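The exercises below are meant to be worked through with the sequence and the model side by side. Try each task before reading its solution.

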Amino acid sequence: MPQPLRIAFLGCGFITNVHSRNLKALRSEVACSYASRDPRKAADYCRQHSGVGSFDDYGRAIADPAIDAVVIAVPPRFHLELTLAALAAGKHVLVEKPAFLTMADYEVVREARDRAGRVVLVGENDHYKPLAVTLRRLLAEKRVGDLVFAHFTTIAKRLKTAGDWRNDEAMAGGDAFFEEGIHWLHIAGSLGPRIVPASVRGYRPPPSSTGPDKRAKSMMVSFQYDNGAAGSLYYSREVPSLFRGLRLSKLFGRDGIITFESNGAFLVARGKGAPRLIFPGFKDIRGYQAMYRDFAASVRERRAPEMSLERAMDDQELMQQVYRTAG
């Protein structure tokens with residue numbers, strides 16, 4: 001059995017907790033250490049998540065020869081600097097999404113990755129979640145025939161507090177859609193047909209002027225696929241959702257419709273014959289375990305991961321077109 005991949009989390013915040021909880025099932029495959037500028041916090045995370053070590057400095061974690069890879073889990077503003085430092089030290093990198101702020105940053109990292117001969121995986125866990133895998137399979141099987149329309153809805157009222165770093169666009173890299181909507185932009189563009197970048201149009205309602213969360217929190221995106229199908233994405237973190245969380249999206253084909261709960265709980269495929277109720281999978285509903293398995297296998301097999309830099313650069317191109325047209 002191969003030795004576990006020895007990773008160090010750079011940053012001990014909310015998302016590191018999320019990753020670590022999902023990694024409990026992979027302890028034979030991944031061994032975790034934790035780094036923070038607050039040594040007590042790193043030690044607490046190490047104890048809480050049964051880690052193997054802690055560091056009081058990101059640089060020390062990067063330089064440690066016992067570490068194979070780092071997970072960059074700090075605000076996007078710092079991703080580029082830490083990624084380049086890790087690659088220069090010969091480490092593999094999993095960097096949270098949004099990974100980098102501009103296409104030029106991606107190009108710099110790609111050159112550094114190729115020089116170092118290391119793996120860089122962009123942490124788009126939604127790419128790996130059972131819902132996305134099932135949707136790709138159903139479309140490939142022509143379960144509803146040729147795709148005509150795609151409608152994606154991700155709406156919730158989740159306002160940030162005054163002290164949340166996401167309220168600082170210099171730290172987050174942009175507004176709410178840039179920082180979080182990127183996940184849904186990826187899902188929309190990863191189902192088989194590819195989104196034509198020039199077709200993308202963003203429509204951003206004006207932000208609210210009340211409360212501590214004054215960043216823009218809503219975006220509507222329209223686009224066309226390379227097979228001619230048309231799509232729309234409705235994103236908001238200021239609009240209440242049905243039943244406090246239920247959000248339905250749809251794929252319309254010439255032979256039927258796929259209706260799915262946007263969180264991935266269930267989908268209904270209505271084509272030829274009786275409708276099928278499908279539960280894509282609850283065990284790894286957010287895709288984190290599949291993502292880390294791909295990361296570890298990519299390192300071991302010296303191959304590109306599914307969520308490679310190049311795949312993330314496709315998403316960045318779409319994102320740039322959203323903001324170019326939204327103003």
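**Exercise 1.** Identify which residues touch the most other members of the largest nonpolar core.

*Solution.* Begin with the definition: a nonpolar core is a set of buried Ala, Val, Leu, Ile, Met, Phe, Trp, Tyr and Cys residues joined through side-chain atoms within 4.5 Å, where buried means under 20% relative accessible area, exposed over 50% and partly exposed in between, with a 1.4 Å probe and protein chains only. The largest such core has 53 residues, and I7, L10 and Y292 touch the most other members. The element that gives the most to this core is α9, with 6 residues; helices (H or I, at least four residues) and strands (E, at least two) are DSSP runs, numbered from the N terminus. A second core, separate from this one, has 35 residues, including L139, I182, W184 and I258. As background, in soluble globular proteins nonpolar side chains tend to be buried together.

This is a predicted model, in which local features need pLDDT of at least 70 and side-chain atom pairs count only at pLDDT 80 or more, while totals for chains, interfaces and linings use all residues. Residues are numbered from 1 along each chain as its sequence is written, and side-chain values use heavy atoms, with hydrogens and water left out.

**Exercise 2.** Decide whether helix α1 is largely enclosed or not, and find what covers its buried residues.

*Solution.* First, take the residues in turn: I15, T16, N17, V18, H19, S20, N22 and L23 are buried in α1. Because 8 of the 10 residues of this helix (residues 14–23) are buried, α1 is largely enclosed by the rest of the structure. Next, look for the cover, which includes the strands β1 (5–10), β2 (30–35), β4 (69–72) and β5 (92–96), together with the helices α2 (39–48) and α9 (288–301).

**Exercise 3.** Work out how α5 and α10 are oriented where they pack.

*Solution.* Axes are lines fitted to C-alpha atoms, for helices over the stretch in contact, and angles run from 0 to 180 degrees between N-to-C directions. The angle here is about 170°, with the axes 10 Å apart. That makes α5 roughly antiparallel to α10, a term for angles over 145 degrees. Contact means heavy atoms within 4.5 Å, and the residues that meet include M103, Y106 and V109 in α5 and L309, A312 and M313 in α10.

**Exercise 4.** Determine whether S50 and R302, each with a positive phi, are buried or exposed.

*Solution.* S50, in the loop between α2 and β3 (53–55), has a phi of about 55° although it is not a glycine, and S50 is partly exposed, with a relative accessible area of 47%. R302, in the loop between α9 and α10 (309–326), has a phi near 55° and counts as exposed at 76% relative accessibility.

Technical notes: Parallel < 35°, antiparallel > 145°, perpendicular 65-115°, else oblique.
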